[in-house]
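Open the model in your viewer and keep the selection panel at hand. We will go from stop to stop, with something to select at each one.

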Amino acid sequence: MFVSVRSWVANEGGKHLVLVLWLGANTWLFTNTFLLYCTGQQYSYLYKMLGLGLCISRAAASVLNFNCSLVLLPMCRSLLTFVRGTCMVSSRKTRRLLDKSKTFHVTCGVAICIFSVVHVSAHLVNVVNFSVRYSDDFPALNLAHYRGEDPKLIILTTIPGVTGILLVLILFLMFTSSSSCIRVSNYEIFWYTHNLFIVFYIILMVHMAGGALKYQTNIEAHPPGCLRANQSSTEQQGEELEQSEDEERRCREEAHFQPHYPQTWMWVSGPLCLYCAERFYRYIWSSDPVTIVTVIRHPCDVTEVRMLKKNFKARPGQYIVLNCPGVSSFENHPFTLTMCPTENKETFGIHLRVVGDWTEHFTQLLIPQPRTDLKILPMVQQRRYPKLYVDGPFGSPSEEVFNYDVSLCVAGGIGVTPFACVLHALLDGWTGFRLQRLYFVWVCRELQSFHWFAELLCALHQKLWEANRPDYFNLKLYVSQADNMQSMSEEKYQPLTSRLLVGRPRWKLLFDEIGKTNKCKRVGVFCCGPKGISRTVHRLCNSARSSGTTFEFNKESFS
């Protein structure tokens with residue numbers, strides 16, 4: 001399968017350009033700082049004592065400051081949603097780059113971990129050199145109290161040493177708990193350890209307060225290598241010099257040293273204040289609980305929740321973050337909106353599937369099990385829903401479905417939720433969008449899963465059929481297990497049964513068919529589902545085809 005340059009540029013060009021710029025900035029910072037400490041006269045005596053460990057540790061520190069300032073920006077969800085919704089970002093390519101914010105956050109996080117290892121390793125060498133190369137000539141440079149002091153004692157009795165240990169421990173917890181296996185099996189661990197970032201940044205700004213590394217302040221009066229009062233030229237060079245030359249090379253005063261002014265806060269204070277202000281705004285906005293209007297149980301452990309909140313506005317494709325104190329006061333979980341508020345209807349809704357402890361407990365609070373210990377059956381059983389807070393809405397790639405002439409939506413199982421809101425919007429009024437044709441492919445393991453949105457699909461099909469636009473909505477349903485096929489045999493589901501296929505989609509044939517029908521056009525491809533489907537669809541979007549059609553790949557990913 002050959003890769004199309006045009007398709008590759010459309011799908012990968014923007015993010016690779018940002019990656020090259022980011023790598024260039026990191027390389028420049030590392031190289032520039034390394035050369036400064038290696039060749040700078042103000043660091044001459046310190047470099048003689050510590051060697052390359054000084055240059056490497058400070059160069060890595062510059063890269064760490066840069067990435068610690070960047071890693072917070074992709075997590076400013078409200079800010080990114082505002083930016084992508086304004087006229088300032090009119091380019092579709094720019095909006096698609098914003099969808100890579102989570103990937104950029106992870107990339108910066110990995111860089112922080114890598115250069116932390118480099119920084120710590122170089123400083124361990126520095127601590128040993130502070131002990132072994134104790135300077136009798138320049139006592140102010142020393143971090144050790146005497147020659148041969150135990151390096152472990154130096155680390156445990158200095159502010160940079162103690163704070164460095166704490167930073168390494170916090171970073172280790174955050175990094176290990178961010179692995180996909182822990183996030184899937186125990187999301188609570190990921191959530192709680194990731195919120196240690198507040199402590200991390202506080203300690204980070206204190207880390208440089210100890211003044212372990214010092215630079216010379218009087219280079220003009222004491223050039224590095226000049227003769228001090230207790231030195232002669234014969235001591236340095238082993239040969240006689242003229243008395244006049246000896247006087248010229250003699251130091252006018254002793255070398256003076258002082259620690260660097262802490263600079264980390266200059267890097268991180270801006271992004272940190274911006275992030276805190278954004279979080280405070282989100283806290284105020286989400287402080288009022290929503291009103292749960294309806295709870296509907298669907299097949300395959302899926303529950304639909306319809307809610308109402310004052311002044312809540314959202315666009316199709318966006319998602320919200322839920323917090324239920326009855327389950328956990330600190331945990332927040334993202335869910336795609338499957339129904340947005342409209343002029344005629346203020347309610348909005350989500351569909352959630354039980355896949356972990358949080359969703360299981362939340363579902364039990366929404367639909368409690370009937371009590372069997374009651375001797376007297378109550379006349380009226382009143383439902384009492386748990387208190388629920390909603391943060392958002394936030395932008396996602398699915399918002400771009402309407403900004404193409406032709407769009408292809410690929411869903412796997414519960415991954416259909418981002419597109420349900422799109423279908424609702426088309427049902428309310430499909431003529432007001434740029435979109436002229438929508439291909440919708442939904443793959444499920446069980447036939448019962450199609451019942452989640454079966455009525456919606458049938459209603460949209462009927463509306464377009466009556467409007468004499470049956471070609472507008474091209475629907476394909478695939479089920480991998482052929483059990484209980486009679487459950488979709490009702491007459492009202494006739495539009496679905498005629499488009500229902502058993503087995504997996506033949507993706508290449510499907511893309512070739514869409515390409516031939518839409519020659520030389522740009523087709524927006526939106527995918528939400530298992531990694532296997534996403535990888536296959538992504539690869540096909542980058543492949544070359546004779547029709548000249550460009551498939552622009554967009555993958556749903558919650559930040």
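Start by selecting α1 (5–39), α3, α6 (101–132), α8 (159–176), α11 and α14: each of these helices supplies at least two residues of the lining of the second largest pocket. This is a predicted model, so keep that in mind as you look around. The biggest part of that lining, nine residues, belongs to α6. In total the pocket is lined by 45 residues, and about 1000 Å³ of space lies in it. To centre your view, pick R58, A61, H119, H123 and H207, which lie nearest the middle of the second largest pocket.

While α6 is still highlighted, go to S131, which lies in this helix. Is S131 buried or exposed? With a relative accessible area of 4%, S131 is buried, because the cut-off for that is under 20%. Show its surroundings and, leaving aside residues up to four places away in sequence, you will find S131 touching A144, Y146, R147, G148, E149 and I154.

Next, select α3 (52–70). Of its 19 residues, 17 are buried, so this helix is mostly covered. Try the distance tool on its two end C-alpha atoms: they are 27 Å apart, which agrees with the 27 Å that 19 residues should span at 1.5 Å a residue.

Now move to α14, residues 264–285. The 22 residues of this helix should span 32 Å at 1.5 Å a residue, and the end C-alpha atoms, 31 Å apart, agree with that. Where does α14 bend? Look at G270, where the helix bends by about 25°, with a proline, P271, following within four residues.

Colour the buried residues of α14 next: T264, V268, P271, L272, Y275, E278 and R282. An α-helix has 3.6 residues a turn, so residues three or four places apart point the same way. The buried residues of α14 pack against α3, α4 (77–85), α11 (197–206) and β8 (389–394). Zoom in on one of them, T264, which is buried with a relative accessible area of 7%. Beyond residues up to four places away in sequence, T264 touches N65, L204 and M208.

From there, follow the packing to strand β8, where P393 lies. The peptide bond that leads from G392 to P393 is cis, with omega near 10°.

Another backbone stop is the loop between β3 (291–298) and β4 (302–308), where you can select C300 and D301. C300 has a positive phi of about 65° although it is not a glycine, and phi of D301, also a residue other than glycine, is positive too, near 60°. As for their side of the surface, C300 counts as buried at 16% relative accessibility, whereas D301 is exposed, with a relative accessible area of 52%.

For the last stop, which residues have the most contacts inside the largest nonpolar core? Select F440, W442, L457 and F473, the answer for this core of 40 residues. Elements that each supply at least two of the core residues are β9 (406–412), α16 (417–429), β10 (437–444), α17 (454–466), β11 (473–479) and β13 (522–528). Around F473, show L423, L438, F440, L457, L460 and L464, which F473 touches when residues up to four places away in sequence are not counted. Apart from this core lies another, of 26 residues, including L29, L171, F197 and Y201.

Terms used: Residues numbered from 1 in each chain as written. Predicted model: local features only at pLDDT ≥ 70, side-chain atom pairs only at ≥ 80, totals over all residues. Heavy atoms only, no water. Core = buried A, V, L, I, M, F, W, Y, C linked by side-chain atoms within 4.5 Å. Buried < 20%, exposed > 50% of the residue type's maximum accessible area, 1.4 Å probe, protein only. Contact = heavy atoms within 4.5 Å. Expected span 1.5 Å × (residues − 1). Bend = angle between axes of the 7 residues up to and from the residue. 1 Å grid on protein atoms, 1.4 Å probe; cavity = no way out; pocket = protein on both sides within 12 Å on 5 of 7 lines; lining within 4 Å. Points joined across faces, edges and corners; volume = space filled by probe spheres on them.
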